[in-house]
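Me: Please take a close look at a single strand in this model, and describe carefully what surrounds it and how it is paired.

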Amino acid sequence: MNTTSSLIPVTLIPGDGIGPEIMAATLKILETIHAPFQWDKQLAGMAGVECSNNPLPAQTLESIHKTGLVLKGPLTTPIGKGYRSVNVTLRKEFQLYANVRPVKMLIPGGRFENVDIVLVRENLEGFYAAMENIFPVEQDTKAIATCTGYTSRTECHRIVKYAFDYAVANNRKKVTLVHKANILKELCGLFLEEGRKVAKEYQDKIYYEERIVDVCAMELVLIPETYDVIVTTNLFGDILSDLASGLIGGLGLAPGINIGNKTVMFEAVHGSAPDIAGKNCANPLAILKASALMLQYVNRDDLSDRINKAIHQVVIKNNIRTRDLGGNTSTSELTEALIQAVQ
Ligand code: NAI
């Protein structure tokens, strides 16, 4: 048993859509292994709007400033209208500059056997700055739309260095920098220029290569086993990480970490999946794996290993899987099986 004083405060944001279901499943499993966390439950996204007409309430921000550690469910962002992405705002507010997305094959017998990629995505700049404008032409008030992206030398350096340090610390062999500097000669050119400088500092330890993003996309679906650590800009990282999670069975298996100097936020790569919300069929494994990474982060590898072993036992050995993984188990049945396996 953990005493209250030994518990680590964590801001818990259940999220929207399937968020509350998959988070409840994860909390039950964490409770079973007596994970040393003290949860401060807060709202954001649609849940925040419904409760206080604010997608990012001040109380939520205050909690994150205090704890510096967040487990966050997916948050809905209205498409093409409405409030701006709370995820993007959180990344900016807490300067979560690196988004780390490990993609490792779990279920054998799929299209690929040896996928083990860690995608490091720049999290603050690029087109996600979303400085957008519309311009009228004659009667059409919205005839032309523009978007300005930007990259800074400092941020390019920081993210590529992060990727190399990650590679060294995790015994990885290669970093691939992914860009589109043939077309976006300044925006991506600066990323490439800075990346090459950083790569030189690590040339004795880590093999470095470069790929144009379209070639990388093709290679990821043909020869994903040749990739190790990928570092790339914000938008490309977003797209490629979903692509990569598709290689190992889909979004339901992919966790992500947003890293800043003072705050770290763990989440699933997937969104709020409104199409299956409330149907007891969502796969809780991505957010559960994110919580296992959080346990590692607080130096409880023992508990993290128990979660990963339980996932292996249930999903691989016992073949208990939700619909997205080709099974017919409900979220609650899978959770029960995981609780039994983790004890
Ligand atoms: P999505 O990731 O929510 O769903 C894409 C497809 O994958 C859907 O068919 C969904 O049912 C399925 N799926 C996703 N997670 C699943 C899970 N755990 N188990 C089983 N199936 C799963 O992407 P979509 O539909 O583009 O976005 C929905 C909302 O989520 C949007 O408002 C979007 O902005 C938001 N979003 C939030 C993210 C976050 O909070 N980190 C990340 C991506 C999207």
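Reply: In this predicted model, strand S3 (residues 69-72) pairs with S12 in the parallel sense, and 4 bridges join the two. Within that pairing, Val70 stands opposite Met265 of S12. S12 also pairs with strand S11 (residues 255-259), here in the antiparallel sense and over 5 bridges, and one of the positions involved is Ile257, whose bridge partner in S12 is Phe266. S11 and S12 together form a hairpin, with 4 residues between them.

The surroundings of S12 can be read from its accessibility. Strand S12 covers residues 264-268, and because 5 of its 5 residues are buried, the strand is largely enclosed by the rest of the structure; buried here means under 20% relative accessible area. The side chains divide between two directions, with Val264, Phe266 and Ala268 pointing one way from S12, while Met265 and Glu267 point the other way, and all of these residues are buried. Taken with the pairing, Met265, which stands opposite Val70, and Phe266, the bridge partner of Ile257, point in opposite directions from the strand.

For a contrast with S12, one may turn to helix H7 (residues 213-222), which contains Val221. Val221 has a relative accessibility of 37%, and therefore counts as partly exposed, since that class lies between the 20% limit for buried and the 50% limit for exposed. Val221 also contributes to a nonpolar surface patch of about 390 Å², made together with Val215, Met218, Leu222 and Ile223.

Methods. Residues are numbered from 1 along each chain as its sequence is written. This is a predicted model: local features need pLDDT of at least 70, side-chain atom pairs count only at pLDDT 80 or more; totals for chains, interfaces and linings use all residues. Side-chain values use heavy atoms; hydrogens and water are left out. Patches are made of residues with over 30% relative accessible area and no salt bridge: like charges are joined within 9 Å, nonpolar side chains (Val, Leu, Ile, Met, Phe, Trp, Tyr) within 5 Å. Accessible areas come from the Shrake-Rupley method with a 1.4 Å probe; for residues, only the protein chains shown count as cover. A salt bridge is a side-chain nitrogen of Lys or Arg within 4 Å of a carboxyl oxygen of Asp or Glu. Buried means under 20% relative accessible area, exposed over 50%, partly exposed in between (1.4 Å probe, protein chains only). Two strands pair if DSSP finds at least two bridges between them.
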